[in-house]
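User: Please take a close look at one strand and what surrounds it, then work outwards from there. Which parts are enclosed, which strands pair, and where do charged side chains meet?

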Amino acid sequence: MFLKDYIGTVYKSSKSLLKGMKLTGYYFSHPKKILTEEYPDNRATLKMADRFRGEVVMPHDENNEHRCTGCQACEIACPNGTIKIITKQELQPDGKKKKAIDTFVYHLELCTMCNLCVVACPSDAIAMAQTFEHSVYDKKQLKKTLNKPGSKIMEGVE
Amino acid sequence: MAETEKMIFPAQLHQTADGGIVVSKLDDIINWARSNSLWPLVFGTSCCAIEMMSAADAKYDWSRFGFEVARATPRQADLIIVAGTIVMKMAPVLKRLYDQMPDPKYVIAMGACTISGGPFFYNTYSVVKGVDHVIPVDVYIPGCPPRPEALLHAMITLQEKIKNETYFGPSKTIEK
Amino acid sequence: MSLILDIGFAPFASGVHNWVYGMFGNTTIAMIVEMVIAGLSLLVFLVPLCFFLGYMERKVAAFMQMRLGPNRVGPHGSLQIVADTVKLLLKEGLTPDGSDKFLFNLAPIIVVITSMLVLAPIAFAKNFQIWDMSIGVLYVSSISSISVIGILMAGWSSYNKYSLLGAMRSGAQIVSYELSIGLSLISIVILTGSLRMSDIVMSQQNGWWLFKGHIPVIISFVIFIVASTAEINRAPFDLAEAEQELTAGFHTEYSGMKFAMFLLAEYINLFVVSAIAATLFLGGWMPFHIGSWEAFNHIMDFVPSSLWFMGKTFLIIFIIMWFRWTFPRLRVDQLLNLEWKYLLPISMVNILLVTVMAIMGWHF
Amino acid sequence: MTNEELKVSVSALYPAITFDETGEFLNAISSVAEFRSVMKTLRHNKELEFDFLFCLTCIDWKTHLMMVYHLMSKTHKHVLVLKVKLDDTKDPQIESVADIWKTAIFHEREVFDLFGVNFKNHPDMRRILLDESWDGFPLRKNYVDENMISI
Amino acid sequence: MSLLGAPEVTEDGEFIINIGPQHPSTHGVLHLKVWLDGEMIKKVQPHLGYIHRSIEKMSESLSYRNFIFATSRMDYLSAHINNEACALTVEKGLQIEAPPRAQVIRIIMAELTRLSSHQLWWGCTGLDLGAVSPFFFAFREREAIMEIMEETCGARLTQNYMVPGGVMYDIHPNFQNRVKTVLKQIKENFKEYDQLLTGNVIFEGRTKGVGYLSPEDAISYGCTGPTARGSGVSCDIRKWFPYDGYEKVQFEEILGTGGDCYSRYMVRMAEMKQSVYIIEQLIDNIPEGDFQAKTKNVIKLPKGEFYQRVETARGELGVYIVSDGAASPYRIKYRSPNFSNLSALEHMATGAKIGDLVAIMATIDLVIPDVDR
């Protein structure tokens, strides 16, 4: 009886081990099952999902105009102070003064890509971009100004 | 990323009458070896560690670059990827691990928490606001957490930095 | 190319031998010079071999795990290990405070030297053997267990608790598994009637022991593979350096060059045990022959003996790598259970069977 | 048991306990003196049998601290929240329940760490999350940290 | 690496080693002080706090919309479920309910999260026990789920998809098809999991009878999730206190009997199948309608206390909000599953071997940032 158990154990154990080896052996002999995407070589074809959140950008049109009114809704919505908006008073043609953005400071090093600012924005001035290659040698370069130099607000955006 | 083509060996073939001689600079070979054999220390504190694991998995597979030899002991590691928040209690440990690593050693700060405290920058009492307060950092990758591809990009960026080092003589500076 | 290898090897070895002895009248000097030449040529042979084994290991692992493995450094990543080695050579070698500096630095050297010593009686090709001693098998089994001294030394001198635990595990492991290795080797010695490696190879002229020795030899072959995997500390028996338990076990404190020597020793060991298994069970450099199929045997003879040897060795290396990338690690008590409850009793019964078989002349 | 039945059976045992039913669960407010015996009864009484302490925490109401114990019975499937008011904010003290529910060992250490409540007869009263040398109790409302940056 | 350098041997000849804070088997930064007698563990003392990020304090100064994002970083493997718990608590305070479409999306997302979390756990269990290949097999399916997440939520790991009152935006048009293909693939690959690890004699030897936790101790230590269910303690919040319409779907609460590592392992393996089953029921029946209930721009909870329990991949997460009527919570307490589960480690590991400690930690499935918060 003891011997039967003993041989049974040896048999069962060896079988379970061989089962595992069969699986790894199968994948070894089927190189077509390899899943690897070769990242730096596939950059031409690599496409992120539409909703992928890589960084906050402020789209400008061809006239170097953006849609940001400087309402600071995004600044309030941001949970960790990633966005700082510095506003200025701009003289309108009709002589009135109007609030406009001076600099839209965006701290990429703090940003968690939570999308709350984009949701909060009433005028769709900011969006999430699909870029992700942000590596830098110097941390200071991660502090970005989103409005391009000399840009101004689009007509009709309140 | 300036060059994406694969560099086989940092040398030129010098043509002579019968055959050729492979000519190379010692600096180039050293940098080639170092940059292509970055063994990371297994060091992940939070979410970014999962993306670091993803970078090792079959889809992204950082073993293509020779990074897959993750060492559990700092003595055998060349690179420490700080993946996750560093808090006050952890900072001395991180410093110690860094000191235990043999030269040359490199640091990648992965994710917002590591670079600056990120989501935990404001109103927290225990988070170190940037790992560069503790150890010197070579490459920063923002993101929360960055994609595995972003980590690979950071490692390639680091490789480029290493390739511009000089073993004999002053170091060159590069802009990125 | 392969033909040149085969024809070239044997005359080359004897040519060097004759030349050296002719050059120096004094045989002592001639012997020393020959030893140096043999040692150097071994090194020249071993370093690329270890590069290849390292490369192979990574590629095998990668393919079993559905990934590509190294492919960016050199053609198909083949220079990856070269880069690793150059880097390790240039890396700072730390000796921790509080460690026993002499032993700490000596340990990797001992490990490498012992693993290289075992190469001496192995026949790499027809008539190509460094030292065909009369006690070949005994020599192999005794020298191979010395490497544990290096590991114990490394673990003890590091002044690190993980290292110490790893070294102790390694000690227990080698002491146990040495028994089954010895017993499984003895079964071949019984069948051959000689401890000399060349005799063992020659005895397999008509068929390899694995095929003509019936079931007992197959059992001892399996036991040998399992036990030798354990003896060279490879997964699933890598308790001495269990990464998840002891960070890096006995070599936790080693860095740079000294760590590279442990890696080198690991691969030499892997090669050595596979080579011994190939010699003893798969006929060494003997080509594959089937009884009376003259035409077939003739074709087989055409393949050079060195290729036969390497082919068999690498087959076994692959199997050992296959183990590593499939199985979970054993626990200490499981490890000892496996040896003392299963491998040892089975190999003892097996020896009995082999002896009966040899006496009755049941093998072909 | 429903909240109403719970209220009846608990107040039958301890008439001094007051109840508050504004929330989802039944809140029972006990005094510090009675606290330990209340907890023992809640755990061991066959009808109540609160064997699962799923949440243990503290609230700093500036004037006083409030210990909150969320208790649940696996057998009877009812939930009770027991609260104890600690008036002494300088050196708040309360009996430990670590021997009744082992999960309290960690949770009480956490409360000690972040609120500075001292648990009497706790097997291992040390800080758990912060350094031993940490100054102050960060979740108190009056905690000031000059390193802390506010938005 | 050891934090304290010098070898420490107690008077009884016990050997003290420090596992962590940085160690491959602790899955993060946990420091375990282990008293050893040879290979045998005499005592384990967990030292926490190496990733204590003061999320509770931070949340006290964030608005009810903003505090959710930080909880993704607690148990980052069940980020969705953590966010869901917070959203549900706020909804409870506002006395609103997410629209049916949002509820179904939430359940599908939560189950996908659970699936991916368990897959990662499975790979890491293999890795901890010394088998490297399971890690890659597990990540194959996990990556497929991550892709779905990315497509719909916009991020792979910390999705931040839940908002009070529903979900942030509607599912991606591809969502249903993709989920179905991935589920099909996953169901096929369960066989491979069994081949590689479940039936393996070494694996069984390393987990069977190791780290025993009795049902009474499991309850007393406050263990929840698969850790407690492995001991046969019924504690699935989805069954006990259904939320987000879990009462409408059919699934089984998996209960183990052994109380050992193997039992906990089997519970998780079976739970994966249950998650697939839940998603299969819902994926074709996502009701039409709004994905978000109307909420005010600035959410203010009424005065009072709100407690919401959900079942994450690791056990019961409780979100306890004390509100004083302001726009940000007065006090938030996260009752994290791992914190309680970890407290049982000492009980389980005493008398085991070092190798067992790794197996036990693997099957408790610790996520350290969730312990420390």
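Analyst: Strand β10 of chain E, residues 315-323, has nine of its nine residues buried, so the rest of the structure largely encloses this strand. Here buried means under 20% relative accessible area, exposed means over 50%, and partly exposed is in between, with a 1.4 Å probe and protein chains only. Strands are DSSP runs of E with at least two residues, helices are runs of H or I with at least four, and both are numbered from the N terminus.

This is a predicted model, in which local features need pLDDT of at least 70 and side-chain atom pairs count only at pLDDT 80 or more, while totals for chains, interfaces and linings use all residues. Residues are numbered from 1 along each chain as its sequence is written, chains are lettered from A and ligands numbered from 1 in the order in which they are written, and side-chain values use heavy atoms, with hydrogens and water left out.

β10(E) pairs with two strands described here. Strands count as paired if DSSP finds at least two bridges between them. With β9(E), residues 304-312, β10(E) pairs in the antiparallel sense over nine bridges. Within that pairing, V322(E) of β10(E) stands opposite E305(E). The connection between β9(E) and β10(E) is a hairpin, with two residues between the strands. β10(E) is also joined to β11(E), residues 331-335, by five bridges, and these two strands run antiparallel. In that pairing, Y334(E) of β11(E) stands opposite V319(E).

Chain B has a hairpin as well. Its strands β1, residues 12-16, and β2, residues 19-23, run antiparallel and are joined by five bridges. L13(B) has V22(B) as its bridge partner in β2(B). Two residues make the hairpin connection from β1(B) to β2(B).

Chain B also holds a sheet with parallel pairing. This open sheet has four strands in the order β3-β4-β5-β6. At its edges stand β3(B), residues 40-41, and β6(B), residues 139-141; each has a single partner strand, so one side of each is left without a neighbour in the sheet. The partner strand β5(B), residues 106-110, runs parallel to β6(B) and is joined to it by three bridges. M110(B) stands opposite I141(B) of β6(B).

One residue of this edge strand can be followed further. Y140(B) lies in β6 of chain B, and its relative accessible area of 6% makes Y140(B) buried. T114(B) is 26 residues from Y140(B) in sequence, and the two are 8.7 Å apart in space, C-alpha to C-alpha.

Now for the charged side chains. Side chains of opposite charge can pair when their charged atoms come close. A salt bridge is counted when a side-chain nitrogen of Lys or Arg is within 4 Å of a carboxyl oxygen of Asp or Glu. Over all chains, a search of the whole structure finds 60 salt bridges.

One of them links chains E and B: the side chains of E147(E) and K59(B) meet at 2.4 Å, N to O. E147(E) belongs to helix α5(E), residues 133-153, whereas K59(B) is in the loop between α2(B), residues 47-56, and β4(B), residues 79-83, so the pair joins two chains. E147(E) is partly exposed because its relative accessibility is 26%, while K59(B), at 10% relative accessible area, is buried.

That loop of chain B takes part in another salt bridge, between R67(C) and D61(B), at 3.3 Å, N to O. R67(C) sits in the loop between α2(C), residues 27-64, and α3(C), residues 80-90, and D61(B) in the loop between α2 and β4 of chain B, so this pair too joins two chains. Both R67(C) and D61(B) are buried.

Chain A gives an example with exposed partners. K47(A) and D50(A) form a salt bridge, and their closest N and O atoms are 3.5 Å apart. Both K47(A) and D50(A) are exposed.

Back in chain E, a strand from the start of this account appears again. A network of salt bridges links E110(D), E56(E), R331(E), K333(E) and R373(E). The residue range of β11(E) is 331-335, and R331(E) and K333(E) carry numbers within that range.
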